[in-house]
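This report deals with charged pairs, a pocket, a nonpolar core and one loop residue, taken in that order.

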Amino acid sequence: MSDLKTQSASNTSEEESSAKNRIIELSKSIFHILSTLIESNKKKQNYEEQVKRQSNMACFSAIIPSISLLDYLIRLFEYSKCEESSIILTLIYIDRACSNGLFLTPFIIYRILSAGLILSLKFNEDIIVSND
């Protein structure tokens with residue numbers, strides 16, 4: 001009986017490790033995509049103008065957080081315990097916002113990621129309880 005408990009605990013530990021590795025790999029992929037987009041935005045002529053315009057937005061941060069974007073992604077996805085589909089949906093939301101005029105900069109990306117993840121979690125994983 002104790003062998004079954006040990007084996008079950010071992011399987012659970014392996015599953016958790018595998019899930020964490022998938023989150024890290026997915027975070028690295030998203031980091032690469034977002035970093036490339038932010039760097040290409042920095043090279044645009046109107047970068048300073050866009051940053052100045054964004055300073056009036058609620059999601060604008062006057063300083064760039066000290067945590068790296070990759071560490072932030074891993075932490076955000078790991079502690080939210082979200083499904084991989086919600087992570088992908090977050091990236092889709094950000095892509096749609098960019099196609100509608102959002103200009104990604106290091107000053108807003110952290111808050112945009114948080115808002116996008118909350119939106120995707122509400123849409124994808126929220127349990128709706130009816131009062132009927």
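A salt bridge is taken here as a side-chain nitrogen of Lys or Arg within 4 Å of a carboxyl oxygen of Asp or Glu. The model is a predicted one, and by that criterion the structure holds four salt bridges. One of them joins the side chains of Glu78 and Lys20, with an N to O distance of 3.6 Å. Because Glu78 belongs to helix H3 and Lys20 to helix H1, this pair ties together parts that are 58 residues apart in sequence. Glu78 is partly exposed at 29% relative accessibility, and Lys20 is likewise partly exposed, with a relative accessible area of 40%.

Two other salt bridges lie within helix H1: Lys28 and Glu25 are three residues apart there, and so are separated by about one helical turn, and the spacing of Glu39 and Lys42 in helix H1 is also three residues, or about one helical turn. The three pairs are set out below.

| Salt bridge | N to O distance | Relative accessibility |
|---|---|---|
| Glu78 and Lys20 | 3.6 Å | Glu78 29%; Lys20 40% |
| Lys28 and Glu25 | 3.9 Å | Lys28 41%; Glu25 47% |
| Glu39 and Lys42 | 3.5 Å | Glu39 40%; Lys42 37% |

Lys20 and Glu78 also appear at the largest pocket, where they are among the residues nearest its centre, together with Ala19, Ile23 and Lys81, out of a lining of 13 residues. Helix H1 (2-42) and helix H3 (69-80) are the elements that give two or more residues to this lining, and H1 gives the most, with six. The space in the pocket comes to about 280 Å³, and its lining is made up of six nonpolar and seven charged residues, with no polar ones.

In soluble globular proteins, nonpolar side chains tend to be buried together. The largest nonpolar core of this model has 22 residues, of which Ile30, Leu34, Phe77, Leu104, Ile109 and Leu113 touch the most other members; H1, H3, H4 and H5 are the elements that give two or more residues to this core. Leaving aside residues up to four places away in sequence, Leu34 touches Leu69, Leu91, Ile94, Leu104, Ile109 and Leu113.

Thr105 is placed in the loop between helix H4 (84-99) and helix H5 (109-124). Is this loop residue buried or exposed? Thr105 is buried, because its relative accessible area is 0%, which falls under the 20% limit for buried residues. Beyond residues up to four places away in sequence, Thr105 has contacts with Ile38, Tyr47, Val51 and Gln54.

Conventions
Residues numbered from 1 in each chain as written. Predicted model: local features only at pLDDT ≥ 70, side-chain atom pairs only at ≥ 80, totals over all residues. Heavy atoms only, no water. Helix = DSSP H or I, 4+ residues; strand = E, 2+ residues; numbered from the N terminus. Buried < 20%, exposed > 50% of the residue type's maximum accessible area, 1.4 Å probe, protein only. Contact = heavy atoms within 4.5 Å. 1 Å grid on protein atoms, 1.4 Å probe; cavity = no way out; pocket = protein on both sides within 12 Å on 5 of 7 lines; lining within 4 Å. Points joined across faces, edges and corners; volume = space filled by probe spheres on them. Nonpolar A, V, L, I, M, F, W, Y, C, P; charged D, E, K, R; others polar. Core = buried A, V, L, I, M, F, W, Y, C linked by side-chain atoms within 4.5 Å.
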